[in-house]
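Please look over the model shown below and follow the report residue by residue, from single side-chain contacts to the chain as a whole.

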Amino acid sequence: MAHLFLRFPGNRHKALTFSYDDGPREDARLAALFDKYGIKATFNLNSGSFPSEDKKGSDTFRMTKEEAFELFHNSNHEVAVHTLSHAMLDKIGVGEAAYEVAKDRENLEELFGGFIRGMSYPYGHYSGEDRERVKSIVRDAGILYARTADETHDFAIPEDWLMLDPTCHHADPQIYDLLKKFFETDYSKRDRDPLLFYIWGHSFEFGPNFSNNWPLIEELAEKCSGREDVWYATNIEIFSYIEAYNRLLFSRNKCYVYNPTQTEICFFFNEKDYTIKPGETITLD
């Protein structure tokens, strides 16, 4: 029986990503730290909560709009929606919730240029009927993935990208045990889906008004970095790559595969790794 499994770029079996919320001033230090260690992250911003520009360089909680632009417009990191005013979407009306998501996306696209397609939920958790209502609002705003704060402690590829559950918070007491398991598990010769380690938090948690513990995240970043078998990517890069993989077209007998996307894609089929270029058709052994 033929077995087909996703592989990340470079036929890697593992991917790692970070996600940070609210746009606090500490994001600048965190982004620089991630750059130092070759790690990519997604920063989720509330565009309606930027302080006025006369607060630049002060002790305000959030960056100004101009500071956020200076930090992220040419960076390796992704900017994503966190609603206009950090609204609790399941506690406000449908129209107001729709505006909170769509307007934040619009503002961020105007500020940074291009497309904003990702999001994290303020306060992170929705359940029951509210969960489906909020997902519908997010989907209608053109958001492709949205992160919760419901931690899984596993490395599974998401099944529902509009309820994207992270692996753990950066201060989770089990994080180093999880990292050890993630790094030491060898799937290179096994028929299995790849692994995704997803870490989330707020950069202000390292600042003087919280834990004042920057060594914590530097140690974590250092331990996560420099692994040839790990793809370091933003949230949207991982989403887009997996979506491209899902668009591969296979002949009925699995002898041929066509890549209709603009993304080079890697996969594992019948004990062999393959790489298929955009627009290419290849024969499978």
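The side chains of Asn 11 and Thr 275 make a polar contact of 3.4 Å, where a polar contact is a pair of N or O atoms within 3.5 Å, one able to donate a hydrogen and the other to accept it within protein, and where residues adjacent in sequence count only if both atoms are side-chain atoms. This is a predicted model, in which local features need pLDDT of at least 70 and side-chain atom pairs count only at pLDDT 80 or more, while totals for chains, interfaces and linings use all residues. Residues are numbered from 1 along each chain as its sequence is written, and side-chain values use heavy atoms, with hydrogens and water left out.

Asn 11 itself lies in the loop between strand 1 (4-7) and strand 2; helices (H or I, at least four residues) and strands (E, at least two) are DSSP runs, numbered from the N terminus. Setting aside residues up to four places away in sequence, Asn 11 touches Cys 266, Phe 267, Asp 273, Tyr 274 and Thr 275, a contact being heavy atoms within 4.5 Å.

Glu 237 is found in helix 7 (residues 235-246), and its side chain takes part in two polar pairings. One is a polar contact of 3.1 Å with the side chain of Lys 40; in the other, a polar atom of the Glu 237 side chain lies 2.9 Å from the backbone nitrogen of Thr 234. Beyond its neighbours within four places in sequence, Glu 237 is in contact with Lys 40 and Trp 231. Lys 223, by comparison, is 14 residues from Glu 237 in sequence and 22 Å from it in space, C-alpha to C-alpha.

In helix 2 (residues 65-72) sits Leu 71, which is in contact with Asp 27, Ala 28, Ala 31 and Met 63 when neighbours within four places in sequence are left aside. Leu 71 and Ala 28 are 43 residues apart in sequence, yet 6.5 Å apart in space, C-alpha to C-alpha.

Two residues other than glycine have a positive phi: Asp 22, at about 90°, and Glu 271, near 70°. Asp 22 is placed in the loop between strand 2 (14-21) and helix 1 (27-36), whereas Glu 271 is in the loop between strand 12 (265-269) and strand 13 (272-276).

The table gives the accessibility of four residues discussed here, with buried meaning under 20% relative accessible area, exposed over 50%, and partly exposed in between (1.4 Å probe, protein chains only).

| Residue | Relative accessible area and class |
|---|---|
| Asp 22 | 8%, buried |
| Leu 71 | 21%, partly exposed |
| Glu 237 | 27%, partly exposed |
| Glu 271 | 57%, exposed |

Turning to the whole chain, the secondary structure comes to seven helices and 14 strands. The radius of gyration, 20 Å, is close to the 19 Å that the globule rule gives for 285 residues, so the chain is as compact as a globular protein of that length; the radius is taken over C-alpha atoms, and the rule is 2.2 Å times the number of residues to the power 0.38. Along its principal axes the C-alpha trace spans about 65 × 40 × 35 Å. Of the 285 residues, 50% count as buried, and residues 24 or more positions apart account for 65% of the contacts with a separation of 6 or more.
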